[in-house]
Amino acid sequence: MDESRQSSSGTGAVLRKLLPPPALCGFLLLLALVFTVSYAVGVAAGPVAPGMHGTGTSRGDGDPGGGGGADDMGDMHGGGH
(Lines give C-alpha, C1' and ligand atoms only; values in the text may rest on other atoms or scores of the structure.)
Protein backbone atom coordinates (compact mmCIF):
# COMPACT_ATOMS: atom_id res chain seq x y z
CA MET A 1 0.00 0.00 0.00
CA ASP A 2 2.86 2.38 0.76
CA GLU A 3 4.33 1.74 -2.68
CA SER A 4 1.20 2.96 -4.48
CA ARG A 5 1.23 6.17 -2.44
CA GLN A 6 4.86 6.80 -3.25
CA SER A 7 4.37 6.24 -6.97
CA SER A 8 1.36 8.56 -7.08
CA SER A 9 3.17 11.26 -5.14
CA GLY A 10 6.21 10.80 -7.39
CA THR A 11 4.02 11.39 -10.43
CA GLY A 12 2.54 14.48 -8.80
CA ALA A 13 6.01 15.81 -8.04
CA VAL A 14 7.05 15.36 -11.67
CA LEU A 15 3.91 17.18 -12.87
CA ARG A 16 4.54 20.02 -10.41
CA LYS A 17 8.07 20.41 -11.74
CA LEU A 18 6.86 20.54 -15.35
CA LEU A 19 4.09 23.08 -14.78
CA PRO A 20 4.90 26.73 -14.11
CA PRO A 21 3.88 28.17 -10.75
CA PRO A 22 0.24 29.29 -10.47
CA ALA A 23 1.32 32.89 -9.84
CA LEU A 24 3.16 32.94 -13.18
CA CYS A 25 0.13 31.51 -14.99
CA GLY A 26 -2.09 34.15 -13.42
CA PHE A 27 0.31 36.93 -14.35
CA LEU A 28 0.53 35.77 -17.97
CA LEU A 29 -3.25 35.51 -18.16
CA LEU A 30 -3.62 39.03 -16.78
CA LEU A 31 -1.00 40.33 -19.21
CA ALA A 32 -2.82 38.77 -22.16
CA LEU A 33 -6.10 40.27 -20.95
CA VAL A 34 -4.58 43.76 -20.66
CA PHE A 35 -3.12 43.58 -24.18
CA THR A 36 -6.42 42.31 -25.58
CA VAL A 37 -8.40 45.12 -23.97
CA SER A 38 -5.90 47.77 -25.07
CA TYR A 39 -5.98 46.45 -28.64
CA ALA A 40 -9.80 46.53 -28.65
CA VAL A 41 -9.80 50.11 -27.36
CA GLY A 42 -7.30 51.12 -30.04
CA VAL A 43 -9.39 49.57 -32.79
CA ALA A 44 -12.52 51.27 -31.48
CA ALA A 45 -10.77 54.65 -31.26
CA GLY A 46 -9.62 54.51 -34.87
CA PRO A 47 -6.78 56.53 -36.38
CA VAL A 48 -4.99 59.04 -34.19
CA ALA A 49 -5.10 61.86 -36.74
CA PRO A 50 -7.55 62.91 -39.45
CA GLY A 51 -6.56 61.70 -42.90
CA MET A 52 -4.33 58.93 -41.60
CA HIS A 53 -4.47 55.77 -43.66
CA GLY A 54 -3.20 52.24 -43.23
CA THR A 55 -0.16 50.95 -45.08
CA GLY A 56 -2.27 49.23 -47.75
CA THR A 57 -3.89 52.38 -49.16
CA SER A 58 -2.61 54.70 -51.84
CA ARG A 59 -3.25 58.43 -52.26
CA GLY A 60 -3.14 58.20 -56.03
CA ASP A 61 0.12 60.10 -56.55
CA GLY A 62 2.34 57.08 -56.07
CA ASP A 63 2.93 57.64 -52.35
CA PRO A 64 1.57 54.51 -50.62
CA GLY A 65 0.34 54.81 -47.06
CA GLY A 66 -0.17 58.56 -47.00
CA GLY A 67 3.25 59.35 -45.55
CA GLY A 68 3.86 63.08 -45.63
CA GLY A 69 6.89 64.80 -47.05
CA ALA A 70 8.08 68.39 -47.04
CA ASP A 71 5.54 69.35 -49.72
CA ASP A 72 2.65 68.33 -47.46
CA MET A 73 3.53 71.08 -45.01
CA GLY A 74 2.16 73.83 -47.23
CA ASP A 75 3.54 77.31 -46.46
CA MET A 76 4.90 76.22 -43.10
CA HIS A 77 8.17 74.82 -44.48
CA GLY A 78 9.63 78.26 -45.02
CA GLY A 79 9.82 78.22 -48.80
CA GLY A 80 8.62 81.27 -50.67
CA HIS A 81 6.51 79.76 -53.46
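**Reading a sparsely covered helical chain**

Reply: Let's start with the whole chain: of its 81 residues, 1% count as buried. Keep in mind that this is a predicted model.

Me: Which secondary structure elements does the chain contain, and how many?

Reply: The chain holds two helices and zero strands. Its accessible surface comes to about 7,100 Å², and carbon and sulfur atoms account for 67% of that.

Me: How do I compare the length of helix α2 with what its residue count should give?

Reply: The general idea is to multiply 1.5 Å by one less than the number of residues. Helix α2 covers residues 22–45, so its 24 residues should span 34 Å. The C-alpha atoms at its ends are 35 Å apart, which agrees.

Me: What comes just after α2?

Reply: Gly-46 does, and it takes a positive phi of about 85 degrees.

Me: How many of the residues of α2 are buried?

Reply: The count is zero among its 24 residues, so the helix is hardly covered; buried means under 20% relative accessible area. Phe-27, in helix α2, is an example: its relative accessible area is 48%. That makes Phe-27 partly exposed because the value falls between 20% and 50%.

Me: Which residues form the nonpolar patch on the surface?

Reply: First, the general idea: an α-helix has 3.6 residues a turn, so residues three or four places apart point the same way. In this structure, the patch consists of Leu-24, Phe-27, Leu-28, Leu-31 and Phe-35. Together they have about 490 Å² of accessible area.

Me: Where does the side chain of Ser-38 find a polar atom to pair with?

Reply: Look at the backbone of Phe-35: its oxygen lies 2.9 Å from a polar atom of the Ser-38 side chain. Ser-38 is also in helix α2, and at 42% relative accessibility it counts as partly exposed.

Key: Residues numbered from 1 in each chain as written. Predicted model: local features only at pLDDT ≥ 70, side-chain atom pairs only at ≥ 80, totals over all residues. Heavy atoms only, no water. Helix = DSSP H or I, 4+ residues; strand = E, 2+ residues; numbered from the N terminus. Buried < 20%, exposed > 50% of the residue type's maximum accessible area, 1.4 Å probe, protein only. Patch = residues over 30% accessible without salt bridge, like charges linked within 9 Å, V, L, I, M, F, W, Y side chains within 5 Å. Areas by Shrake-Rupley, 256 points an atom, 1.4 Å probe, with all protein chains shown as cover. Salt bridge = Lys/Arg side-chain N within 4 Å of Asp/Glu carboxyl O. Polar contact = N/O pair within 3.5 Å; in protein donor to acceptor, adjacent residues only side chain to side chain.
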